[in-house]
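Here are a few notes on the pockets, to help you find your way around. Have the structure open while you read.

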Amino acid sequence: MVLELRIYGDSILKRSSLPVTKIDKEIKSLAANMAETMYLNKGVGLAAPQIGVSKRIIIIDISKEYNSLITLINPEVIYKEGEEVAEEGCLSLPGISAEVVRPSKVVIKGLDLKGKVVEVVGEGLASRAFLHEIDHLNGILFIDRINKEKRRELRKELKELKRLAKKGIR
Ligand code: CO
């Protein structure tokens with residue numbers, strides 16, 4: 001099932017999400033719906049708060065064929081190195097992009113959908129995607145990581161997104 005995306009201005013995007021305590025049927029179906037929603041909207045990652053659920057679940061698929069889905073529950077960054085600048089966007093900030101500095105390599109630890117502890121290495125775009133999605137679980141958007149000048153440039157567009165979010169129009 002495709003779920004409705006929460007857009008900038010929605011307060012859930014500023015909230016810290018709660019850890020998942022039990023991976024039950026509900027969580028599995030939520031993860032499946034998140035994937036469907038991400039693919040339909042042509043995203044490379046999605047975090048649960050973006051579809052209105054304040055739980056620590058992220059998915060990413062950075063492959064061009066969309067055949068390498070990674071689902072992580074309660075993800076944590078356990079290692080990071082390097083630095084890289086690249087343009088970033090977000091399904092919750094349609095039409096907006098900016099350059100963001102991120103570590104070029106990360107190791108993320110979390111649970112898979114079977115509840116098994118897994119460690120995933122991400123480099124380049126994967127590193128960026130993991131960190132972007134984990135930020136969502138902590139109420140952080142990529143525009144919170146850009147310089148003041150760029151943020152000022154985007155002020156008008158952000159204001160407009162907020163206005164539309166308030167009205168429930170996208
Ligand atoms: Co995002």
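1. Let's start with the runner-up. Keep in mind that this is a predicted model. The second largest pocket has a volume of about 170 Å³.

2. Who lines it? Look for Val 77, Lys 80, Val 101, Arg 102, Pro 103, Leu 131, Ile 134, Asp 135, Asn 138 and Arg 145 around the second largest pocket. By type, that lining divides into 5 nonpolar, 1 polar and 4 charged residues.

3. In terms of secondary structure, strand E3 (70-81), strand E5 (98-102) and H2 each give at least two residues to the lining of the second largest pocket. H2 has the largest share there, with 3 residues.

4. Now for the largest pocket, with a volume of about 240 Å³. Its lining counts 16 residues, and Val 44, Gly 45, Gly 89, Cys 90 and His 132 are the closest to the centre. Those five are a good place to point your viewer.

5. Which elements supply at least two residues each to the lining of the largest pocket? They are strand E4 (84-88) and helix H2 (125-137). H2 again provides the largest share, here 6 residues.

6. The lining of the largest pocket splits into 5 nonpolar, 6 polar and 5 charged residues.

7. If you follow one element through both sites, make it H2: it supplies the largest share of the lining in the largest pocket and also in the second largest pocket.

How values were computed
Residues are numbered from 1 along each chain as its sequence is written. This is a predicted model: local features need pLDDT of at least 70, side-chain atom pairs count only at pLDDT 80 or more; totals for chains, interfaces and linings use all residues. Side-chain values use heavy atoms; hydrogens and water are left out. On a 1 Å grid over the protein atoms alone, a cavity is a set of points where a 1.4 Å probe fits but cannot get out, and a pocket is an open set with protein on both sides within 12 Å along at least five of seven lines; lining residues have an atom within 4 Å of a point. Grid points are joined across faces, edges and corners, and a volume is the space filled by probe spheres set on the points. Helices (H or I, at least four residues) and strands (E, at least two) are DSSP runs, numbered from the N terminus. Ala, Val, Leu, Ile, Met, Phe, Trp, Tyr, Cys and Pro count as nonpolar, Asp, Glu, Lys and Arg as charged, and the others, Gly among them, as polar.
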